[in-house]
Amino acid sequence: LVAGSPAIDARPAAAETYDQRGAPFLRDDGNGIDIGAYERQSLALTVDTLEDAVDGDYSPGNLALREALELTNANPDVDAVDFDPALAHSTVSLDGTPLTISDDLTLTGLGADQLTIDAGDTSRVLLITGGTNDIRGLMITGGMADRGAGLRNDAPAATTLSGMAITGNSANDYGGAIFNSGDVTIIGSTVSGNTADRGGGIFNL
């Protein structure tokens with residue numbers, strides 16, 4: 001449903017817990033039930049496994065970061081993803097493909113010294129293609145790509161990085177840590193030890 005639709009919150013109460021998409025999409029988001037199969041809502045998801053897998057199992061202990069991002073990318077509202085504190089002092093090792101953000105998101109880690117996302121020199125770590133995004137409290141490392149090995153922020157994405165450490169990434173062309181053609185704001189973060197042919201740290205197009 002588009003914002004302002006008269007179908008939003010217009011259906012009587014229903015017995016089902018989730019809308020037609022299944023968990024974690026609630027049938028009633030607390031503001032009334034929408035007419036139709038899907039409930040328009042914001043998602044607030046907690047990643048609680050270090051596995052980098054997409055298997056459709058979102059039960060406790062099984063929501064991976066990649067799964068959470070796929071869910072929020074597909075949801076039109078502003079969403080939030082954080083991490084179970086039990087994952088502190090750990091690393092999410094990627095499967096050889098970058099994580100992608102394409103829609104408005106707040107992604108909150110446990111602290112750059114507490115939680116690492118490592119691409120293992122096999123891919124870029126994070127590709128951002130759209131939305132207004134706030135990413136904080138993570139270390140991004142082990143990225144390998146032509147442009148933006150740690151993080152690539154493409155227009156029209158507007159991204160704020162806070163309390164981040166972006167280190168140990170290598171680009172063959174531009175932007176070892178960050179390649180930006182959109183809008184990036186960096187607050188209280190460390191960008192160090194990255195390499196590229198041009199712009200080892202940050203390359204703004």
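The questions and answers below go through the sheets, a helix, salt bridges and aromatic pairs of a predicted model.

Me: In what order do the strands of the five-stranded open sheet stand, and which two are at its edges?
Reply: The pairing in this sheet is parallel, and the order is β3-β6-β9-β13-β17. A strand at an edge has a single partner strand, so one side of it is left without a neighbour in the sheet. The two strands in that position are β3 (90-93) and β17 (190-192).

Me: What is the average twist from one strand to the next in the sheet β3-β6-β9-β13-β17?
Reply: The sheet is open and has five strands. From one strand to the next, the twist averages 15°.

Me: Which residue in β17 stands opposite A165?
Reply: Strand β13 covers residues 165-167 and runs parallel to β17, with three bridges joining the two. Opposite A165, in β17, stands T190.

Me: Is S90 buried or exposed?
Reply: S90 lies in strand β3. Leaving aside neighbours within four places in sequence, S90 is in contact with L50, Q114, L115 and T116. A residue under 20% relative accessible area counts as buried. S90 has a relative accessibility of 18%, so S90 is buried.

Me: How far is the backbone oxygen of L87 from a polar atom of the side chain of S90?
Reply: S90 belongs to strand β3. Between a polar atom of the S90 side chain and the backbone oxygen of L87, the distance is 3.0 Å.

Me: What separates the C-alpha atoms of S93 and G120?
Reply: S93 is also found in strand β3, and at 46% relative accessibility it counts as partly exposed. Residues touched by S93, not counting those up to four places away in sequence, are L50, D52 and D118. S93 and G120 are 27 residues apart along the chain, and their C-alpha atoms are separated by 7.0 Å.

Me: Which strands are the edge strands of the six-stranded sheet?
Reply: This open sheet has the order β1-β2-β5-β8-β12-β16, with parallel pairing. Its neighbouring strands are turned by 10° against each other on average, direction ignored. The strands that pair on one side only are β1 and β16 (183-187).

Me: Which residue is the bridge partner of A80 in β5?
Reply: β2 and β5 run parallel and are joined by three bridges. In β5, A80 is partnered by T106.

Me: How many of the nine residues of helix α1 are buried?
Reply: Helix α1 spans residues 65-73 and is mostly covered. The cover over its buried residues includes β1 (44-47), β2 (79-83), β4 (99-101), β5 (105-108) and β6 (115-118). The buried residues are L65, R66, E67, A68, L69, L71 and T72. The count is seven.

Me: What is the N to O distance in the salt bridge of R66 and D52?
Reply: R66 counts as buried at 10% relative accessibility, and D52 counts as buried at 14%. The side chains of R66 and D52 meet at 2.7 Å, N to O. R66 lies in helix α1 and D52 in the loop between β1 and α1, so the pair ties together parts that are 14 residues apart in sequence. The distance asked for is 2.7 Å.

Me: Where does D95, which forms a salt bridge with R66, lie?
Reply: The closest N and O atoms of D95 and R66 are 3.1 Å apart. The pair ties together parts that are 29 residues apart in sequence, because R66 lies in helix α1 and D95 in the loop between β3 and β4. D95 is partly exposed, with a relative accessible area of 48%. Its place is the loop between β3 and β4.

Me: Which residues are linked with D173 in a network of salt bridges?
Reply: The side chains of D173 and R198 meet in a salt bridge of 3.8 Å, N to O. D173 is in strand β14 and R198 in the loop between β17 and β18, 25 residues apart. The residues linked with D173 in the network are R147, D197 and R198.

Me: Why does the pair of Y174 and F203 count as stacked, and which residues form one cluster with Y174?
Reply: Planes under 30 degrees apart count as stacked. The ring centres of Y174 and F203 are 4.3 Å apart and the planes are at 10°, so the pair is stacked. Y174 lies in strand β14 (residues 170-174) and F203 in strand β18 (residues 202-204), so the pair ties together parts that are 29 residues apart in sequence. The aromatic cluster joins Y174 with F179 and F203.

Methods: Residues are numbered from 1 along each chain as its sequence is written. This is a predicted model: local features need pLDDT of at least 70, side-chain atom pairs count only at pLDDT 80 or more; totals for chains, interfaces and linings use all residues. Side-chain values use heavy atoms; hydrogens and water are left out. Two strands pair if DSSP finds at least two bridges between them. Helices (H or I, at least four residues) and strands (E, at least two) are DSSP runs, numbered from the N terminus. Axes are lines fitted to C-alpha atoms, for helices over the stretch in contact, and angles run from 0 to 180 degrees between N-to-C directions. Buried means under 20% relative accessible area, exposed over 50%, partly exposed in between (1.4 Å probe, protein chains only). A polar contact is a pair of N or O atoms within 3.5 Å; within protein, one must be able to donate a hydrogen and the other to accept it, and residues adjacent in sequence count only if both atoms are side-chain atoms. Contact means heavy atoms within 4.5 Å. Rings of Phe, Tyr and Trp (its six-membered ring) pair if their centres lie within 6.5 Å; planes under 30 degrees apart count as stacked, over 60 as edge-to-face and the rest as tilted. A salt bridge is a side-chain nitrogen of Lys or Arg within 4 Å of a carboxyl oxygen of Asp or Glu.
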